[in-house]
Amino acid sequence: MAKTVYKRPKSLKENIFHYCPGCGHSIAHRIIAEVIDELDIRGITIGVPPAGCAVLAYNYFDVDMIEAPHGRGPAMASAIKRSLPDRVVFSYQGDGDLAAIGIAESFHAANRGENITIIFINNCVYGMTGGQMAPTTMLDQKTTTTPLGRNKTLDGYPVKVSEIFSQLKGVTYLERCMVNSPVNINKTKKAIKKAFQCQIDGFGFSLIEILSPCPTNWKMSAVNSCKWIDEVMSKEFPPGVFKDEIAAARKAAEDAR
Amino acid sequence: MNKVLMSGNYVIGEAAIRAGCRFYAGYPITPQNELTEYMAEHIRSVEGGVFLQSESEIAAINMIAGASAAGLRVMTSSSSPGISLKQEGISSMAACELPGIIVNIMRGGPGLGNIRPSQGDYFQATRGGGHGDYRTIVLAPGSGQELADLTMTAFDLADKYRNPVMILADGMMGQMMEPIVFKKPKPRVYSKKFMLQGAGNGKSKFIRGLLLDPIDSEEHNWKLARKYAVISISEPRYELYNIDDAEMIIVAYGTAARIAKGAIKRLRGSGINIGLFRPITLWPFPELQLRELAAKVKKYLVFEMSTGQMLDDVRLALQGYADIKFHGRPGGAVPTPAELANVIAKIYKRNY
């Protein structure tokens, strides 16, 4: 008898991803679904997808979902979590969503220490609208609105969300990961699982930033996109754990008992 | 039941909590801060009650959208410039058919305007306000007691039609103290199937406003339109005052109607018989009820604390049926009843 070593997670619907070949969203979706399965939280999870390429996430995740207007995911997620404190609530946001139009909602949800998880897909570009400059676009990176490359004098600098958010006292766990290789995908999955567990344990706000390839708008092959993350993007956005107060939160909880 | 003396903003807060409101989000803006402060002090002491001071009006409206989806009775409040910011979320709630209460304690506009009572947001409130083909039910209380009663009604209507409901008052209504009796709210009728609380062992649900297929989107728009048509027929509310032997009728709502009542009282015994038609729902506007009145009375004066916005709805109701005049005080100016009585008397004598 053959042994099953790889199958579709239960929390992922039987729909075909609309994402472009080589896009990181599909990978991120799959590993989130695997984590939901492994933690056995499908029935109590509520997801908040964004405006952007992942706006149709409810076609893929087999959990309850409510679509947020652009950038407002953390406001909605905060409210859902406070209304239903025993549910697991995550928002899924892109770089434009989190670091531009929704920076206030994201920043303040983090600062309030909302017991939610933000999955932050950083691909340096507005994907769904056709490749415009994002807050995380690299200096000199060409986009449709920076045709000569991002100019620091005219366009400012890439926004380092993990570095900034890790300064907030409300944040319990924050890690930057990548989905450009099997090893990194495994690391990302572990980080997501840790973030969800942090929420389940009631330890507060977690954010996982994922450096994610966008071959279509980067105008690169899928393989070169993965290389570009290693060679260029991760130099500006170094992966790693920026904050981990889980042990301290656990100790505080035990002391309180 | 006990009478209590309370200012309007507190009345709305207390009535909301009694009606089962369990989630409030808001951002400071004058002249409605007392309502936010009341909710901060009182909603958290009710079991399951959540108060969130949001980082912006935009966040507040999206917070109540989230809590509404989660199944709670929800409310946010603001004043004119803040309501403009909330429009994104109001449109979104209408699209997603999420019930919720938005209180607008209007102030002078446009722009930052001032913090005096005004009625310049009528168009914004009754025409949807945000983008897209939608309507918000708009209730315009005319007294402290009505603030209490209509706040409770607002929650019932929001649930019944799964639609945002706006309570449109102004700084005068918000600040004025009056004796109030809080009535017993009706029990909530709202199906769990509309709530997003996790799939359990069942099928997962989603709530969305994005419909990429134009045929689906068109049908969704028609579905909403059918709902609005039902509301238009079933929900118009209005008050008639002193109309029995009236030769001219003032059409006014909220604070303006209250001033008009004062003016009408002052004109009694002067040979000028004036009545009042006070729309209580601004959307749906009680159009047919006003037109019925035109079979008897042919002279109308619209009075608003604006340059003339409800005037459009009165024209839609009465044009060709009766004569319509207008008097307005925009930008935060509030006339006294005596001043308005003079205006009414002049118009009455000059034209009729």
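The following conversation concerns a predicted model with chains A and B and how some of its features are named.

Visitor: Why are α1(B) and α6(B) called roughly parallel?

Guide: Helix α1 (residues 8–18) of chain B and helix α6 (residues 144–161) of chain B pack at an angle of about 30°, with their axes 8 Å apart. Angles under 35 degrees count as roughly parallel, and α1(B) and α6(B) are therefore described in that way. Their crossing is right-handed.

Visitor: What makes the contact of α1(B) with α6(B), and how do its residues divide by class?

Guide: From α1(B) come G8(B), V11(B), I12(B), A15(B) and A16(B), while α6(B) contributes G144(B), L147(B), A148(B), T151(B) and M152(B). These divide into seven nonpolar, three polar and no charged residues; Gly counts as polar in this scheme, and G8(B) and G144(B) belong to the contact.

Visitor: How do you know which strands stand at the edges of the sheet?

Guide: The open sheet has eight strands, in the order β9(A)-β7(A)-β8(A)-β4(A)-β3(A)-β1(A)-β2(A)-β9(B), with mixed pairing. β9 (240–244) of chain A and β9 (206–207) of chain B each have a single partner strand, so one side of each is left without a neighbour in the sheet, and they stand at the edges.

Visitor: How do you know that β2(A) and β9(B) pair?

Guide: Two strands pair if at least two bridges are found between them, and β2(A) and β9(B) share two bridges, in the parallel sense; the requirement is therefore met. In β9(B), F206(B) is the bridge partner of M65(A).

Visitor: What makes β4 and β8 of chain A a pair, and in which sense do they run?

Guide: Strand β4 (residues 117–122) of chain A pairs with strand β8 (residues 205–211) of chain A over six bridges, in the parallel sense, and one of the bridge partnerships joins T117(A) to S206(A). Helix α1 (residues 24–39) of chain A packs on the sheet, touching β1 (45–48), β4 and β8 of chain A, and its direction makes about 160° with that of β4(A). Angles over 145 degrees count as roughly antiparallel, so the direction of α1(A) is roughly antiparallel to that of β4(A).

Visitor: What makes up the side of chain A that touches chain B?

Guide: In the contact between the chains, 29 residues of chain A meet 34 residues of chain B. The elements giving two or more residues to the chain A side are β1, β2 (64–66), α2 (73–83) and α4 (103–111) of chain A, and α2(A) gives the most, with eight residues. By class, this side has 16 nonpolar, five polar and eight charged residues.

Conventions: Residues numbered from 1 in each chain as written. Chains lettered and ligands numbered in written order. Predicted model: local features only at pLDDT ≥ 70, side-chain atom pairs only at ≥ 80, totals over all residues. Helix = DSSP H or I, 4+ residues; strand = E, 2+ residues; numbered from the N terminus. Contact = placed C-beta atoms within 7 Å. Axes fitted to C-alpha atoms, helices over the stretch in contact; angles between N-to-C directions. Parallel < 35°, antiparallel > 145°, perpendicular 65-115°, else oblique. Left-handed = near helix turned anticlockwise from the far one by under 90°.
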